[in-house]
Amino acid sequence: MTPTTAFWLAGRQATGDTTFDVTSPWDNRLVGKVSVPTEAQVEEAVAKAHATVESFAATPAHVRAAALLHVSEGLASRTEEIAQLISAENGKPIKWARGEVGRAVSVFRFAAEEARRFNGGEAQRLDTDAGGQGRLALTRRFPKGVVLGIAPFNFPLNLCAHKVAPAIAAGVPIILKPAPATPLSGLILGELLAQTDLPEGSWSILPVANDRMPALVQDERLPVISFTGSETVGYAIMDSVPRKHCTLELGGNGAAVVLADWSSDADLDLAAQRIAMFSNYQGGQSCISVQRVIADAAVYDRLVPRIVAAVEAQVTGDPSDAATDVGPLVSEDAAKRVESWVDEAAAAGAEVLTGGKRDAAAYAPTVLASVPGEVTIAREEVFGPVLVVTRTEGEDEAFAAVNSSKYGLQAGVFTHDVRAAFRAHRALEVGGVIIGDVPSYRADQMPYGGAKLSGVGREGVRYAMDDYTYERVLVLTGLDL
């Protein structure tokens, strides 16, 4: 018998009346059973979170910092166990699952540090004008209200961490909804949080089905929504609650630009290796995976064969094998969608340089050239291990190709020219520009988010803390300054 994993209601373990199965996309084995909260239990979690807004904000910084550090250390001590769980429920190769745990360890550690620094207050003299003589303004930040955090399947631990850790650091109650396909990793956080001194009601982890999400989104007691997922769902949420504060981390079709000066054999070998790795590293299921390579004509003919060889060298197979680079997609339906987009492109004249084959939920790492601009894979986020290579003439044309997308999450630019780097930073309509590397680089403490249809707002611990709170000014009068 497979034991049932409980959820976390206002800081305590609880079970509902029903369960659902979590299965491996690699071999369909049962990974775990998860208890589903009842409507009454969801209501209790929301009510208790709403009731604790003021008291949690007043919790001493050292209490919040200690709780966050405890979670960080707890994750670190259980790295292998949690990595195996991520790999089992998500299909992520174990090497990448271990890396994800390491990132979550850092997120909670960063949050512990920020909790001690947060809300120290900024004093501003107002006597710069005669009407402000004897007055001093002090600005602090206070919660906007309970956060509803909605996490996706592709980073089932770390993207839950990016919702929960900043909320606790800022003293903001949070209701976390992990992805139904991969809830077990997020529920691990509850085990560690329950061992801390955080107040009852300050956090809950509720694995409810997606069809119950609209009711939570509409609940007026949850005025802040932090959503990571698809463009369609994210903007539907925002449109349905126009008066709520929404942070949306949505899709992308990340471009790696290789300019003409990145031209030595060593340069091209490095670019090819990084592009191949990060077009496939989560089965392509990352918002900032490399989907497009935009190469200057001066290097294109030397670069593309290197990319193809590096992609073909990616080891595919069992995600529990430490040698595996590319595992399955999250489901067979996801792989079938990728297959249909590649087949559409090939039928329209695209050249399949390698890959293009599906086996159940696995899709072979694929490189396409000569892709017509009107096909789906040229316009949308593939969220699979597929790479499109394009030849351009010069920097301006390359940057225009990046900006031709409706998305704007991150872009990578391979160049040695610092002036070109600054031109890219000014010209590219994205949330982040990575010089000398692929767009897939993310440090968890930096601001992360997109432009255009890639979302609204920024994550990264300190930036999310600002997002969950608002400034309130206190003016003191009659002071001798």
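**Notes on the pocket, cores, cavities and salt bridges**

1. Let's start with the open space. The largest pocket holds about 670 Å³ of space. Keep in mind as you look around that this is a predicted model. In total, 29 residues line the pocket. If you want to find its middle on screen, pick Phe153, Phe227, Gly229, Ser230 and Val233, which lie nearest the centre.

2. Which elements give two or more residues to the lining of the largest pocket? They are strand 11 (224–228), helix 9 (231–240) and helix 12 (332–347). Helix 9 gives the most, with 3 residues. As for chemistry, the lining of this pocket has 16 nonpolar, 7 polar and 6 charged residues.

3. Next, the greasy part. In soluble globular proteins, nonpolar side chains tend to be buried together. Here the largest nonpolar core has 82 residues. Try clicking on Leu68, Leu75, Phe108, Ile225 and Ile237, since these touch the most other members of that core. Helix 5 (residues 94–117) supplies the largest share of this core, 11 residues.

4. Leu75 is a nice one to zoom in on. Leaving out residues up to four places away in sequence, what does Leu75 touch? The list is Ile82, Val101, Ala104, Val105, Phe108, Leu157, Ile188, Leu189 and Leu192. Phe108 turns up here as a contact of Leu75, and Phe108 is also one of the residues that touch the most other members of the largest core.

5. There is a second, separate core as well, with 35 residues. Its members include Tyr281, Val299, Val304 and Leu387. Colour the two cores differently on your screen if you'd like to tell them apart.

6. Now for the closed spaces. How many cavities of 30 Å³ or more does the structure hold? The count is 2. The largest cavity has a volume of about 60 Å³, and 14 residues line it. Closest to its centre are Asn253, Gly254, Arg292, Leu409 and Gln410. Strand 13 (254–258), strand 20 (407–408) and strand 21 (410–414) are the elements that give two or more residues to this lining. By class, the lining has 7 nonpolar, 6 polar and 1 charged residues.

7. The second largest cavity has a volume of about 40 Å³. It is lined by 14 residues, and those nearest its centre are Gly284, Ser289, Gln291, Val382 and Phe383. That lining divides into 5 nonpolar, 8 polar and 1 charged.

8. On to charges. A search of the whole structure turns up 34 salt bridges. One of them pairs Arg12 with Glu44, with the closest N and O atoms 3.1 Å apart. This pair links distant parts of the chain: Arg12 sits in strand 3 (residues 12–14) and Glu44 in helix 1 (residues 39–51), 32 residues apart. Arg12 is partly exposed at 35% relative accessible area, and Glu44 is partly exposed too, at 24%.

9. Glu44 has another partner: Lys48, with the closest N and O atoms 3.0 Å apart. Here both residues lie in helix 1, 4 residues apart, which is about one turn of the helix. Lys48 counts as partly exposed at 26% relative accessibility.

10. One more salt bridge to look up is Asp265 with Arg306, where the closest N and O atoms are 3.1 Å apart. Asp265 lies in helix 10 (residues 265–280) and Arg306 in helix 11 (residues 297–312), so the pair ties together parts that are 41 residues apart in sequence. Asp265 is partly exposed at 45% relative accessibility, and Arg306 is partly exposed at 23%. Going back to the earlier pairs, salt bridges that share partners join Arg12, Glu44, Lys48 and Glu200 into one network.

11. Last, two backbone spots to check. Ala10 has a positive phi of about 50° although it is not a glycine. You'll find Ala10 in the loop between strand 2 (7–9) and strand 3. Ser370 is another residue other than glycine with a positive phi, near 55°. Ser370 is in the loop between strand 18 (366–369) and helix 13 (376–379).

12. Are Ala10 and Ser370 buried or exposed? Ala10 counts as buried because its relative accessibility is 4%, under the 20% cut-off. Ser370 is exposed because its relative accessible area is 52%, over the 50% cut-off.

Note on methods: Residues are numbered from 1 along each chain as its sequence is written. This is a predicted model: local features need pLDDT of at least 70, side-chain atom pairs count only at pLDDT 80 or more; totals for chains, interfaces and linings use all residues. Side-chain values use heavy atoms; hydrogens and water are left out. A salt bridge is a side-chain nitrogen of Lys or Arg within 4 Å of a carboxyl oxygen of Asp or Glu. Buried means under 20% relative accessible area, exposed over 50%, partly exposed in between (1.4 Å probe, protein chains only). On a 1 Å grid over the protein atoms alone, a cavity is a set of points where a 1.4 Å probe fits but cannot get out, and a pocket is an open set with protein on both sides within 12 Å along at least five of seven lines; lining residues have an atom within 4 Å of a point. Grid points are joined across faces, edges and corners, and a volume is the space filled by probe spheres set on the points. Ala, Val, Leu, Ile, Met, Phe, Trp, Tyr, Cys and Pro count as nonpolar, Asp, Glu, Lys and Arg as charged, and the others, Gly among them, as polar. A nonpolar core is a set of buried Ala, Val, Leu, Ile, Met, Phe, Trp, Tyr and Cys residues joined through side-chain atoms within 4.5 Å. Contact means heavy atoms within 4.5 Å.
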